[in-house]
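Biologist: Could you pick one part of this model and take me through it closely? After that, I'd enjoy hearing how some other parts are put together.

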Amino acid sequence: MASAPQPGGPGTVPLDPPDRLVHTIGTWEGDAGRKWLAELPDRVAGTLERWELRPERVFTPGGRISMIVLVRTADDTPAVLKLGLVTAETEHEHAALAHWDGRGAVRLLRAEPAQGAMLLERAQGEVSLRSLPEPKAMLEATATLQRLWVAPADGHPFTSVADHTAGLADRLRELGEEPWAAEVRPLVDEALALREQLLATAVEDVLLHGDYQHGNVLAAERSPWLAIDPKPLVGDRAYDLAWLVRDRLETLAAAPGPQAAARRRVAKLAAALDVDPERLRGWSCFRAVDAGVRSLSAGDRQTGELLLEFAGWL
């Protein structure tokens, strides 16, 4: 495996991909993903050299489709090198970060989009909103999310929620016809119908984070909390907020009356951000069913069944 010179000494910093990255890419991306993983250490080492960065360590457990290296720039500024697999969801991450320019999200310092390489402002990777009690975490999450919902620039490259979910709906429809999916087919049909209803009503389009959850909001020095890892889209605010509705799902499921608690959460988040609660319920159901069925198809029954149970509560 490749390694890079260690800051302040003659040793080297191993550039092995973390276990979580290896597992996720290996499970979801097949042969192409394994090839990408095999080439990753050398690509990271090459980027470190080109950008004159001194590595401190590979951050673990790190991302699920990207490798994170804590680095120092030539002027000794702490930063983060992120080198990720370029997918339809991630290919415009750099453009979203550049558009926000530090407002509610980490600042982009440099990028090679075709390589999936970004140099980012360093936040406190070990401290996310998951470290806070849920009521405080939700309060901070909504305040940060509101800063991200801005108008996209003219000629922006971002996919619309309608186009993005069209692909999800096609895949969900196919999976729903599989023999193993017979028991969940009513939920699949409901989710697909909800999507059609939601897209039939025009709403204001804003730039969305796309994967907004407590784990993707980190403590920072420049601002108390900053978002990371966007999978940007343009569309309905309720679509973005939907993933926050199902945050800390295991805790929600273990509490008394999870169905009532889930519905209260929808109502509270909708009120906090002036989002139509029925639109939020609809997108929360669609996103949970989509993620749940995909998890089942990949053999992750525990996650899949929990997500589908959550969708049923809504």
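Modeller: Happily! Let's start with helix 10 and helix 11, which run roughly antiparallel to each other (angles under 35 degrees count as roughly parallel, over 145 as roughly antiparallel, 65 to 115 as roughly perpendicular, the rest as oblique). Do keep in mind that this is a predicted model, where local features need pLDDT of at least 70 and side-chain atom pairs pLDDT 80 or more, while totals for chains, interfaces and linings use all residues. Residues are numbered from 1 along each chain as its sequence is written, and side-chain values use heavy atoms, without hydrogens or water.

Helix 10 covers residues 277-297 and helix 11 residues 301-313; their packing angle is about 160°, with the axes 7 Å apart. Helices and strands here are DSSP runs numbered from the N terminus (H or I of at least four residues, E of at least two), and axes are lines fitted to C-alpha atoms, for helices over the stretch in contact, with angles from 0 to 180 degrees between N-to-C directions. The crossing is left-handed, that is, the near helix is turned anticlockwise from the far one by less than a right angle. On the helix 10 side, the contact (heavy atoms within 4.5 Å) includes Ser-284, Cys-285, Ala-288, Gly-292 and Leu-296. Helix 11 answers with residues including Arg-301, Gly-304, Leu-307, Leu-308 and Phe-310.

Now to the strands. Strand 4 and strand 5 form a hairpin with five residues between them, and Asp-76 in the turn has a positive phi of about 75°. The two strands pair in the antiparallel sense over seven bridges (pairing takes at least two DSSP bridges). Val-69 has Leu-81 of strand 5 as its bridge partner, and Leu-81 also stands opposite Leu-119 in strand 7. Strand 7, residues 117-121, pairs with strand 5 in the antiparallel sense over five bridges. Six of the seven residues of strand 5 are buried (under 20% relative accessible area; exposed is over 50% and partly exposed in between, with a 1.4 Å probe and protein chains only).

Asp-76 deserves a second look. Its side chain meets that of Arg-54 in a salt bridge at 2.5 Å, N to O (a Lys or Arg side-chain nitrogen within 4 Å of an Asp or Glu carboxyl oxygen). Arg-54 lies in strand 3 and Asp-76 in the loop between strand 4 and strand 5, so the pair ties together parts 22 residues apart in sequence. Asp-76 also forms a salt bridge with Arg-72, at 4.0 Å. These three residues are partly exposed: Arg-54 at 34%, Asp-76 at 40% and Arg-72 at 23%.

The whole structure has 24 salt bridges. Another of them joins Arg-195 and Glu-196, with the closest N and O atoms 3.1 Å apart; Arg-195 is buried at 7%, whereas Glu-196 is partly exposed at 46%. Through shared partners, salt bridges link Arg-54, Glu-56, Arg-72, Asp-76 and Arg-122 into one network.

Finally, there is an open sheet of three strands in the order 8-10-11, with antiparallel pairing. Strand 8 (124-128) and strand 11 (225-227) stand at the edges with a single partner strand each, so one side of each lacks a neighbour in the sheet. From one strand to the next, the twist averages 55°. Strand 8 pairs with strand 10 (residues 217-219) over two bridges, and Ser-128 has Leu-218 as its bridge partner.
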